[in-house]
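Let's take a walk through this one together, a piece at a time. Have the sequence and the 3D view open side by side as you read.

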Amino acid sequence: MDVPVDLSRVLFVCTANNLDTIPAPLLDRMEVLEVSGYVSEEKAVIAERYLAPQAREASGLGTADVVLEREAVDILIKYYCRESGVRNLKKHIDKIYRKAALKVVQELGEDTFPEPPAAVDAAAATADATSPEPTDASEPSTPASEAESSASESPSPVFPSPEPSTSTSPTSPADTMPNPSEDDPKTVTTQQRKPLPIPESVHVRISPETLKDYVGPPVYQKDRMYVRPPPSGVSTGLGYLGNGSGAVMPVEAMSMPGKGGLQLTGKLGEVIRESAQIGLSWVKGHAFELGITTSAGDTFLNERDVHVHMPEGSIGKEGPSAGTAILTAFVSLFTKTPVNPDIAMTGEISLVGQVLPVGGLKEKILAAHRAGIKVIIAPAANRADIEENVPESVKTGIRFVYVETVKEVLEEVFRGEPVAERWKETLL
């Protein structure tokens with residue numbers, strides 16, 4: 001349009017679930033505000049105070065005895081709506097009350113809920129009042145009508161048509177009404193429909209047992225992949241998904257005859273692939289200290305391939321948070337020592353074995369709490385963030401271990417195992 005616009009006093013607000021996808025030059029010019037998502041307790045209170053009453057009124061059940069139990073809301077949050085916000089939770093609650101209203105109407109029938117005729121009668125009356133009255137053919141002609149007929153017979157002069165008027169007139173009700181002369185006229189009303197009165201005998205309870213009838217089967221079936229203790233080569237990591245929620249992510253490692261290659265599967269991003277390569281290089285460099293080789297000069301993995309997989313391959317995984325979990329899976333595989341499934345970890349690793357801080361701790365700890373994790377190993381640099389920003393209700397029942405090096409991670413994970421006794425002399 002080539003119109004100058006002054007944007008000096010305009011504030012642009014951008015939202016994102018992940019900063020990694022924002023170009024660096026653009027991110028450098030932004031002021032980043034980290035806003036964490038809701039925990040389960042906060043979601044439940046929002047649903048009880050705001051979402052459920054709004055959905056009940058919108059479904060015409062404001063005066064009815066229809067109750068969504070708190071236990072059903074907890075199941076809804078845990079197995080249907082794990083995202084950090086409440087948008088999806090609102091959709092499910094609206095669906096529950098709409099279906100409850102439908103069931104009430106279907107069970108009681110039209111005898112209890114007759115169609116109110118008031119609105120239809122009013123619309124029909126308005127249509128009759130706005131329809132033109134038919135003229136009587138037997139009425140005597142007036143002088144004015146005779147003059148009009150004589151004028152129509154004589155040739156009339158031609159005048160230029162006037163320009164259309166730019167003034168707008170309010171639309172009359174007749175403009176919005178259907179033509180009564182049509183074969184199938186339809187009456188339209190603009191009057192607001194009021195909810196039908198619900199009998200006092202109607203009582204509906206949406207409980208955890210009946211929740212599936214309203215929203216279908218759970219979207220998330222279970223919080224842990226392994227029902228039994230996993231074999232060696234498997235560890236438990238904590239990740240941050242692109243939708244703003246945390247997740248418990250198992251890491252599986254396996255060795256097979258080959259040429260020393262590393263294969264990675266599970267829709268892993270570039271940063272996770274680099275973390276896996278760093279972890280494998282650290283294990284190779286400390287193979288003798290870990291007890292994997294018998295002497296410091298022995299070669300390791302020259303004729304073996306290593307395959308790392310992170311399940312749920314349809315979900316993309318990115319970020320450095322899985323570094324400690326991948327390295328622990330390698331040590332577990334090569335020392336043939338299983339990892340306790342109640343231990344989860346998060347943290348970036350460096351090539352020399354340092355554990356660096358990561359983000360998304362609140363969402364990750366919430367996922368661990370939901371899965372029943374008892375021990376979380378986190379970077380020491382994240383200690384203040386966890387103690388200040390994570391609610392106590394989420395940290396209940398979880399023991400936090402803060403580490404600065406990879407050796408401290410291995411000491412906690414393999415505590416009490418025979419291989420850890422040797423590490424006291426060589427590694428720790």
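A residue counts as buried when its relative accessible area is under 20%, and as exposed when that value is over 50%. Keep in mind that what you're looking at is a predicted model.

With that cut-off in hand, go to E412, which lies in helix α14. Is E412 buried or exposed? Its relative accessible area is 7%, so E412 is buried. And who are its neighbours? Leaving aside residues up to four places away in sequence, E412 touches I343, V375, I377, R399 and V401.

Stay with α14 for a moment, and look at how it meets another helix. Two packed helices are described by the angle between their axes and the distance between the axes. Here, α10 (residues 323-335) packs with α14 (residues 406-413) at an angle of about 60°, and their axes are 11 Å apart. That angle makes α10 oblique to α14, and the crossing is a right-handed one. On the α10 side, the contact is made by T324, L327, T328 and V331, while α14 brings in V406, V409, L410 and V413. What classes do these residues fall into? In the contact of α10 with α14 you'll find 6 nonpolar and 2 polar residues, and no charged ones.

Now swing over to another helix pair, α2 (residues 40-58) and α3 (residues 70-79). Their axes come within 10 Å and cross at roughly 125°, so α2 and α3 are oblique to each other. This crossing is right-handed. Helix α2 offers S40, E41, K43, A44, A47 and E48 to the contact, and α3 answers with R70, V73, D74 and I77. How many of the residues in this contact are charged? The contact of α2 with α3 has 5 charged residues, along with 4 nonpolar and 1 polar.

Last stop: the strands. Strand β1 covers residues 65-68, and it has two faces. V66 and L68 sit on the covered face, whereas D65 and V67 are on the uncovered one. Which way does β1 run relative to strand β2 (residues 203-206)? The two pair in the parallel sense, over 4 bridges. If you'd like a spot to find the pairing on screen, pick D65 of β1: it stands opposite H203 in β2. That puts D65 both on the uncovered face of its strand and across from a residue of β2.

Note on methods: Residues numbered from 1 in each chain as written. Predicted model: local features only at pLDDT ≥ 70, side-chain atom pairs only at ≥ 80, totals over all residues. Heavy atoms only, no water. Buried < 20%, exposed > 50% of the residue type's maximum accessible area, 1.4 Å probe, protein only. Pairing = 2+ DSSP bridges. Axes fitted to C-alpha atoms, helices over the stretch in contact; angles between N-to-C directions. Parallel < 35°, antiparallel > 145°, perpendicular 65-115°, else oblique. Left-handed = near helix turned anticlockwise from the far one by under 90°. Contact = heavy atoms within 4.5 Å. Nonpolar A, V, L, I, M, F, W, Y, C, P; charged D, E, K, R; others polar.
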